[in-house]
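Here's a quick tour of this protein, starting at its metal site and working outwards. Have the 3D view open while you read.

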Amino acid sequence: MTFPTAPRYDLYAGIHKALRAFMADTLVAIGRMDEGDAADTGPALAQLRALLGCMRAHLGHENEFIHPLLESVAVGAAARISIEHVEHQREIATLEAQVDAFEAADASARPALALKLYRELALFVGENFSHMQYEEVVHGAQLWAHCSDAQLLDLEHRIVASQTPDEAMLVLRWMLPYMTHAERCALLFGMRAMVPAPVFAAVLELARAHLREGDWIKLDAALSAPSLRAA
Ligand SMILES: [Fe+2]
């Protein structure tokens, strides 16, 4: 049994699928939030705060790890996206302040604040979708032109190593359900060879909790296949 592989290693594909899913799910959660029901606003706003923290950490990783590599092979290559990251940091802080303002407001002010939050989050999500497209197409091509797959994998391993366990598990929670079966298998076969068994077991529990049933059955079968256990 073999799985198709991309012609080159794509540094952005998995994490950006995770972030697109996390942003989309959170946006619709805020859009349908019942402003007067704490049982509804609590989880929705907690998810939004988690998303904004994840987005801040992600752009920090790109600034710290990817942009220096890009600039070392093509001066100015990271300039446009670096400027956008500054703007995204400002927008993240603004959205966090809006969440605080909603929670501090009395009931009569909450519907208007919730609608304002939803609309500004939608603009942030839309901007990030365009931003990630540029990174994947333009930065991705520059990285492939100047770096080997081994260099790109090493870079990704350094990014992952810089995350706390909670940060890594949050990313996996949104990455595993929303990537293809082949991408999921490639990620988990690699992880199984690198992390302690209890950590891998926790990742599989996360996958079981969030994958669609059919996706989980296919993944479980692939991970159990004798021909791949040594992969
Ligand atoms: Fe970015």
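Let's begin with the iron ion, keeping in mind that this is a predicted model. Four residues coordinate the iron ion: Glu62 and Glu135 through OE atoms, and His85 and His131 through NE2, at 2.0 to 2.3 Å. Glu62 sits in helix H2 (residues 38-73) and Glu135 in helix H4 (residues 110-146), so this pair links distant parts of the chain, 73 residues apart. If you read along the sequence, the donor spacing comes out as E-x22-H-x45-H-x3-E.

What about the geometry of the site of the iron ion? The angles among the four donor atoms run from 82 to 162°, and the site is irregular. For a yardstick, the ideal angle for four tetrahedral donors is 109.5 degrees. To count as tetrahedral, all angles would have to lie between 85 and 135 degrees, and the range of 82 to 162° doesn't fit that. Are the two glutamates buried or exposed? Both Glu62 and Glu135 are buried.

Now for what the records say about this stretch of chain. UniProt, in an unreviewed entry, lists "domain: Hemerythrin-like" at residues 11-136. In the model, residues 11-136 are 86% helix and 0% strand, with the end C-alpha atoms 8 Å apart. The unreviewed entry in UniProt also places a "coiled-coil region" at residues 78-105. That span is 93% helix and 0% strand, and the end C-alpha atoms of residues 78-105 lie 40 Å apart.

Next, the aromatic residues. How many aromatic pairs does a search of the whole structure find? The search turns up two. Phe22 and Trp174 are stacked, with 4.6 Å centre to centre and 10° between the planes. Phe22 belongs to helix H1 (residues 13-31) and Trp174 to helix H6 (residues 165-175), so their pairing ties together parts that are 152 residues apart in sequence. Phe22 and Trp174 are both buried.

Trp174 also pairs with Tyr178: the ring centres are 6.1 Å apart and the planes meet at 15°, so this pair is stacked as well. Put together, the ring pairs join Phe22, Trp174 and Tyr178 into a cluster. Burial isn't uniform in that cluster. Trp174 has a relative accessibility of 5% and therefore counts as buried, while Tyr178, at 40%, counts as partly exposed.

Trp174 has a charged partner too: Arg173 lies over the face of Trp174, at 3.7 Å from the ring centre. There's another arrangement of this kind at Tyr134, where the charged end of Arg80 sits over the ring, 3.9 Å from its centre.

Stepping back to the overall layout, the protein is divided into domain 1 (13-164) and domain 2 (180-231). The C-alpha centres of domain 1 and domain 2 are 26 Å apart.

Finally, a few reference points along the chain, handy for finding your way around the model. Ala202 is in helix H8 (residues 197-210), and because its relative accessibility is 36%, Ala202 counts as partly exposed. Gly126 has its place in helix H4; with 36% relative accessibility, Gly126 counts as partly exposed too. Glu71 lies in helix H2, and a relative accessible area of 28% makes Glu71 partly exposed.

How far apart are the C-alpha atoms of Gly126 and Ala24? The table has that pair along with two others.

| C-alpha pair | Separation along the chain | Distance in space |
|---|---|---|
| Ala202 and Leu117 | 85 residues | 34 Å |
| Gly126 and Ala24 | 102 residues | 9.7 Å |
| Glu71 and Met179 | 108 residues | 29 Å |

So Gly126 and Ala24 are 102 residues apart along the chain, with their C-alpha atoms separated by 9.7 Å.

Technical notes. Residues are numbered from 1 along each chain as its sequence is written. This is a predicted model: local features need pLDDT of at least 70, side-chain atom pairs count only at pLDDT 80 or more; totals for chains, interfaces and linings use all residues. Side-chain values use heavy atoms; hydrogens and water are left out. UniProt positions are given in the numbering used here, feature names are shortened, and annotations may be inferred rather than shown by experiment. Helices (H or I, at least four residues) and strands (E, at least two) are DSSP runs, numbered from the N terminus. Donors are N, O and S atoms within 2.8 Å of the metal (3.2 Å for Na, K and Ca); water is not among the atoms, so sites may look incomplete. Four donors count as tetrahedral if all angles lie between 85 and 135 degrees; four count as square planar and six as octahedral if opposite donors are over 155 degrees apart and all others between 65 and 115; anything else is irregular. Buried means under 20% relative accessible area, exposed over 50%, partly exposed in between (1.4 Å probe, protein chains only). Rings of Phe, Tyr and Trp (its six-membered ring) pair if their centres lie within 6.5 Å; planes under 30 degrees apart count as stacked, over 60 as edge-to-face and the rest as tilted. A charge sits over a ring if NZ of Lys or CZ of Arg is within 6 Å of the ring centre and within 35 degrees of the ring normal. Domain bounds come from an automatic or database domain assignment.
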